[in-house]
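The following report considers a few local features of one model, moving from a buried contact to a helix, a pocket and a loop. The reader may wish to keep the structure in view while following it.

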Amino acid sequence: MEVERTGSSAQWCPYSLVRHPLYLFTLVGVIGIALQTHHPIVGPALPLIWLLTYPFTMRREERKLAELFGTRFLDYRRRVPAFWPRWRGYVAPLTLQVSTSAVRRALLDNLWWMVIWYWLGAVERARIAGWWT
């Protein structure tokens, strides 16, 4: 249940499938990174760190949303699973207004992921070539 700038709540698209889509995909990313490390300690530690921190954050956020939205959030919580998507519950708006400046800003804010991706690939290629051990 994303709180929009207008003060209302979004209960459509990913939020109609699962209450915490960002945390779900963070876990997917953490598991992917853990599998890519091939490290016996780091690999298992990453999902464990996620499990030790994110569930508490989700509960705290849900308490705050229940205070903020009351029965509207409680109904939403009964209808939409917290973490594992329920595909038959998908709801999409008929129209969607998009701020191009917000999209541009979000892309630029996240450009560093692409830089990191390229850098990690370069490090891996250097390691394979024997330049970096």
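Helices are DSSP runs of H or I with at least four residues, numbered from the N terminus. The model described here is predicted, and in it Glu62 lies in helix α3, which spans residues 42–69.

Glu62 and His20 form a convenient starting point. His20 is found in the loop between α1 (14–17) and α2, and the side chains of His20 and Glu62 are joined by a polar contact of 2.8 Å. Both partners fall below the 20% limit of relative accessible area that defines a buried residue: His20 is buried because its value is 6%, and Glu62 counts as buried because its value is 9%. Setting aside neighbours up to four places away in sequence, Glu62 touches Arg19, His20, Phe73, Arg77 and Ala82, while His20, with neighbours within four places likewise left out, is in contact with Met58, Glu61, Glu62 and Ala82. Ala82 thus appears among the contacts of Glu62 and also among those of His20.

The accessibility of four residues discussed in this report is set out below.

| Residue | Location | Relative accessibility | Class |
|---|---|---|---|
| His20 | loop between α1 and α2 | 6% | buried |
| Glu62 | helix α3 | 9% | buried |
| Arg127 | helix α6 | 45% | partly exposed |
| His38 | loop between α2 and α3 | 69% | exposed |

Helix α6 covers residues 111–129, a run of 19 residues, and from its first C-alpha to its last it reaches 27 Å, which is close to the 27 Å expected at 1.5 Å a residue. The helix is followed by Gly130, whose phi is positive, near 90°. Arg127 lies within α6 and, at 45% relative accessibility, is partly exposed; Arg127 is separated from Ser16 by 111 residues in sequence and by 44 Å in space, C-alpha to C-alpha.

Which helices each supply at least two residues of the lining of the second largest pocket? They are α2 (21–37) and α6, with α2 giving the largest share, seven residues. This pocket has a volume of about 570 Å³, and of the 13 residues that line it, the closest to its centre are Gly32, Ile33, Gln36, Trp117 and Leu120. By class, the lining of the second largest pocket is made up of six nonpolar, six polar and one charged residues.

His38 is placed in the loop between α2 and α3, and it is exposed, with a relative accessible area of 69%. Its backbone deserves a separate remark: most residues other than glycine have a negative phi. The phi of His38, however, is near 55°, a positive value in a residue other than glycine.

Methods: Residues are numbered from 1 along each chain as its sequence is written. This is a predicted model: local features need pLDDT of at least 70, side-chain atom pairs count only at pLDDT 80 or more; totals for chains, interfaces and linings use all residues. Side-chain values use heavy atoms; hydrogens and water are left out. The expected span of a helix is 1.5 Å times one less than its number of residues. On a 1 Å grid over the protein atoms alone, a cavity is a set of points where a 1.4 Å probe fits but cannot get out, and a pocket is an open set with protein on both sides within 12 Å along at least five of seven lines; lining residues have an atom within 4 Å of a point. Grid points are joined across faces, edges and corners, and a volume is the space filled by probe spheres set on the points. Ala, Val, Leu, Ile, Met, Phe, Trp, Tyr, Cys and Pro count as nonpolar, Asp, Glu, Lys and Arg as charged, and the others, Gly among them, as polar. Buried means under 20% relative accessible area, exposed over 50%, partly exposed in between (1.4 Å probe, protein chains only). A polar contact is a pair of N or O atoms within 3.5 Å; within protein, one must be able to donate a hydrogen and the other to accept it, and residues adjacent in sequence count only if both atoms are side-chain atoms. Contact means heavy atoms within 4.5 Å.
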